[in-house]
Amino acid sequence: MKIIELDEIDSTNEYAKRAAAGEDLIVTARRQTAGRGTKGRSFVSGDGGLYLSVLRYYDNFPAALAFGIMVNNCVAVCRTLEHFGLRPQIRWANDVLVNNKKISGTLIENVFGGGKVVRSVVGIGVNVNNRLPDDLKNIAVTMREACNKNTEVDDVKHILIENLQKEYTVGEYKSYIGYFGREVTIITDGGARKAVALDVSDDGRLKIREDGGEEKFISSAEVGLRL
Ligand code: BTN
């Protein structure tokens, strides 16, 4: 796959979308000036982190299977962190944690047409040696902190790109979730509530049981999760 390596860019996802011309592409940057997170948030993207987007085109990829893109990406990130001796956990749907703090996040931007995924841009940020702002120190962690030493960003990049070429299953994704059967906090625009996390469905919804014993499936577009 064609790889474009940049020093600085507004956002590798935006670059990939601007460059989109029918060919698969990986874009990486050493820093982003306008890094984007999920739900319209910004993503702090200073020097020392890894910022990478994969642009992919599909011929015949049913929209109903789109969660597979998230699965592939999250498992590839987890495998990469394991390569460097860490024990990652997935916080459904798209965060990867180490020591219960976020080490990597993913922003997926799909284009759909005729019930199929036509194209996806998967943007991955990994905290490697970057400095975290004070307000993130309690909830985020870098590989440097978790490994107690610097890791070359390029080494992480190469292993991640290698792992991103492989295919993974929902079962492998679920194997990185350690909180099934445990109480978690579901966060919506309307506030936070407790529920027991039970499973993740093949289409990517979280199965939960609420207080009254009622089981239901929730979609990550609506809610966030606190472990
Ligand atoms: C999140 O945790 O909210 C998602 C963060 C996604 C960040 C990555 S960094 C590379 C790519 N470019 C962006 O602007 N965002 C994604």
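**Ligand contacts and strand pairing in a predicted model**

Mentor: In this predicted model, a side-chain N or O atom of lysine 102 lies 2.4 Å from an oxygen atom of the ligand. Taken alone, the ligand exposes 410 Å², of which the protein buries 98%.

Trainee: Why is the approach of lysine 102 to the ligand called a polar contact?

Mentor: A polar contact requires a pair of N or O atoms within 3.5 Å. The pair at lysine 102 is 2.4 Å apart, so the term applies.

Trainee: What makes the approaches of serine 11 and glutamine 32 polar contacts?

Mentor: The cut-off is again 3.5 Å. A polar side-chain atom of serine 11 is 2.7 Å from a ligand oxygen atom, and a side-chain N or O atom of glutamine 32 is 2.9 Å from a ligand nitrogen atom. Both distances lie within the cut-off, so both are polar contacts.

Trainee: Which elements supply the shell around the ligand, and which gives the most?

Mentor: Helix 1, strand 3, strand 6 and strand 7 each supply at least two residues; strand 6 gives the most, with four. The shell divides into five nonpolar, 12 polar and three charged residues.

Trainee: How do you know that strand 8 pairs with strand 9 and with strand 12?

Mentor: Pairing requires at least two bridges. Strand 8 has six to strand 9 and three to strand 12, so both qualify as pairs. Both arrangements are antiparallel. Glutamate 183 stands opposite valine 196 in strand 9, while isoleucine 186 has leucine 225 in strand 12 as its bridge partner.

Definitions and conventions
Residues numbered from 1 in each chain as written. Predicted model: local features only at pLDDT ≥ 70, side-chain atom pairs only at ≥ 80, totals over all residues. Heavy atoms only, no water. Polar contact = N/O pair within 3.5 Å; in protein donor to acceptor, adjacent residues only side chain to side chain. Areas by Shrake-Rupley, 256 points an atom, 1.4 Å probe, with all protein chains shown as cover. Nonpolar A, V, L, I, M, F, W, Y, C, P; charged D, E, K, R; others polar.
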